[in-house]
Amino acid sequence: MKIKLAILEKDENYLNRITFTFGSKYADKLEVYSFTDMNKALATIAEKKVHVLLADERFEINQDSLPSNCGFAYLVTSSDIESLRNQKTVGKFQKADFIYKQVLSIFSEVSAQITGIHTEAGATKMIAVTSAAGGVGASTIAAAIATRLALLQKKVLYLDMELFGSSDFYFNSEGMMDFSNIIYALKGKNTKVALKIESAVKKNMAGVAFFSQCKNAIDMAELQSNDVERLLEAINTMEDYEYLVMDIDFSFGKICMQVMSCSDKVVFVSNGEKSANYKTNRALDSLKIIDEQRKEKLLPRIKIVHNCFKSQGAQVIDRNDVAILGGVPVIKNGEAEQIVQQIASAQMFDVLF
């Protein structure tokens, strides 16, 4: 279904431009109604069952005059204004893409009250990337796997689930929202999470979709296993992504075990050093016990990557119950994005897909 959007604006030139732009770029997503008269706008909103109203800040809208399932925000001249008359705001002089995403975000908060919205089960394949040894570059490998998928023309979403996530360190794109917005949506029972995802997701030049990391780690610490379940279900039902690459802190806690259990592949990262391999083997031995006790079958899904592998002194983990994917040499020069691009050129990741 299309989102019914009403725009109430005193500046007719701006109104014509934004209406034309939305009609050109989002004809399959939006049904746009434009007004300069408030009474006509309010009457049409009730008659047409409009989903979202954006009103020029020079109009004073009585929230009680709007249907309960109509989202609302003021159009303001400065994007620095976060609220007006205790209502949400949307900067009117942003790129149309940003305004559209804010419309989606507003709609996601009222859409649970609207009938006629249906989602079908998708088939997004999940790859979890983790490490039992700190400082071995698991996040770099996760970013490289996502980038490799994008290079292969696959639709991929990179999801940084680490407590101290660093997605903006590897990926860059414009946008106002971050993963904190997703967490707030997951906590709100009446929010359509899939719509919130679409409004908050960014995409870098390589084609990797991602969320900026939370504003602070405290938000990430609020995430519970039921929130993760709801998030993964929403991503799957969207059918927008063929692959989901999740970067996650390793533990035997609910969230990590939940993510690994529903993943098609799990990549463990070590660096070949004695201490890192020792910790990785301990983790794998424990997972073997869990497999035997719970019949999880985690080990057959696990692949090992040796990152920053040095030719002298480093050793390959030698086990007969997990597969070795390969090794990545030390890359000394370059920014994080450049290093990720270089690692992503390796064909060894293709066996994951």
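Here are some worked exercises on the helices, strands and cysteines of this structure.

The model is predicted, so keep in mind that local features need pLDDT of at least 70 and side-chain atom pairs count only at pLDDT 80 or more, while totals for chains, interfaces and linings use all residues. Residues are numbered from 1 along each chain as its sequence is written, and side-chain values use heavy atoms, with hydrogens and water left out.

**Exercise 1. Work out how α1 and α3 are oriented, and which residues meet.**

Step 1: Helices here are DSSP runs of H or I with at least four residues, strands are E runs of at least two, and both are numbered from the N terminus.

Step 2: Helix α1 covers residues 12-25 and helix α3 residues 96-110; their axes come within 11 Å and cross at roughly 80°. The axes are lines fitted to C-alpha atoms, for helices over the stretch in contact, with angles from 0 to 180 degrees between N-to-C directions.

Step 3: Angles under 35 degrees count as roughly parallel, over 145 as roughly antiparallel, 65 to 115 as roughly perpendicular and the rest as oblique. α1 and α3 are therefore roughly perpendicular.

Step 4: With contact meaning heavy atoms within 4.5 Å, Tyr14, Ile18, Thr21, Phe22 and Lys25 of α1 meet Ala96, Asp97, Ile99 and Tyr100 of α3. By class, that gives six nonpolar, one polar and two charged residues. (Nonpolar is Ala, Val, Leu, Ile, Met, Phe, Trp, Tyr, Cys and Pro; charged is Asp, Glu, Lys and Arg; the others, Gly among them, are polar.)

**Exercise 2. Do the same for α6 and α9.**

Step 1: The axes of α6 (residues 179-187) and α9 (residues 225-238) come within 10 Å and cross at roughly 105°. That makes α6 roughly perpendicular to α9.

Step 2: On the α6 side you'll find Phe179, Ile182, Ala185, Leu186 and Lys187; α9 brings Asp227, Arg230 and Leu231. The classes come out as five nonpolar, no polar and three charged.

**Exercise 3. Trace the strand partners around β4, and decide whether β4 is buried or exposed.**

Step 1: Two strands pair if DSSP finds at least two bridges between them. β3 (residues 52-56) pairs with β4 in the parallel sense over five bridges, and leucine 54 has alanine 73 in β4 as its bridge partner.

Step 2: β4 (residues 71-76) also runs parallel to β6 (residues 87-91), joined by four bridges. Valine 76 sits opposite glycine 91, and leucine 75 opposite valine 90.

Step 3: β6 pairs with β5 (residues 83-84) too, antiparallel over two bridges. Two residues lie between the strands of this hairpin, where arginine 85 takes a positive phi near 50°.

Step 4: Buried means under 20% relative accessible area, exposed over 50%, partly exposed in between (1.4 Å probe, protein chains only). Six of the six residues of β4 are buried, so β4 is largely enclosed by the rest of the structure.

**Exercise 4. Lay out the eight-strand sheet and find its edges.**

Step 1: The sheet is open and mixed, in the order β9-β10-β8-β11-β7-β12-β13-β14. β9 (202-203) and β14 (323-329) each have a single partner strand, so one side of each lacks a neighbour in the sheet.

Step 2: Within it, β12 (residues 265-270) and β13 (residues 302-309) pair in parallel over five bridges, with serine 270 opposite histidine 306. Helix α11 (residues 274-294) packs on the sheet, touching β12 and β13, and its direction makes about 150° with that of β12.

**Exercise 5. Count the disulfides and check cysteine 214.**

Step 1: A disulfide is a pair of cysteine sulfur atoms within 2.5 Å; the count is zero.

Step 2: For cysteine 214, the nearest cysteine sulfur belongs to cysteine 256, 17 Å away. Cysteine 214 is buried at 12% relative accessible area, whereas cysteine 308 is partly exposed at 35%.
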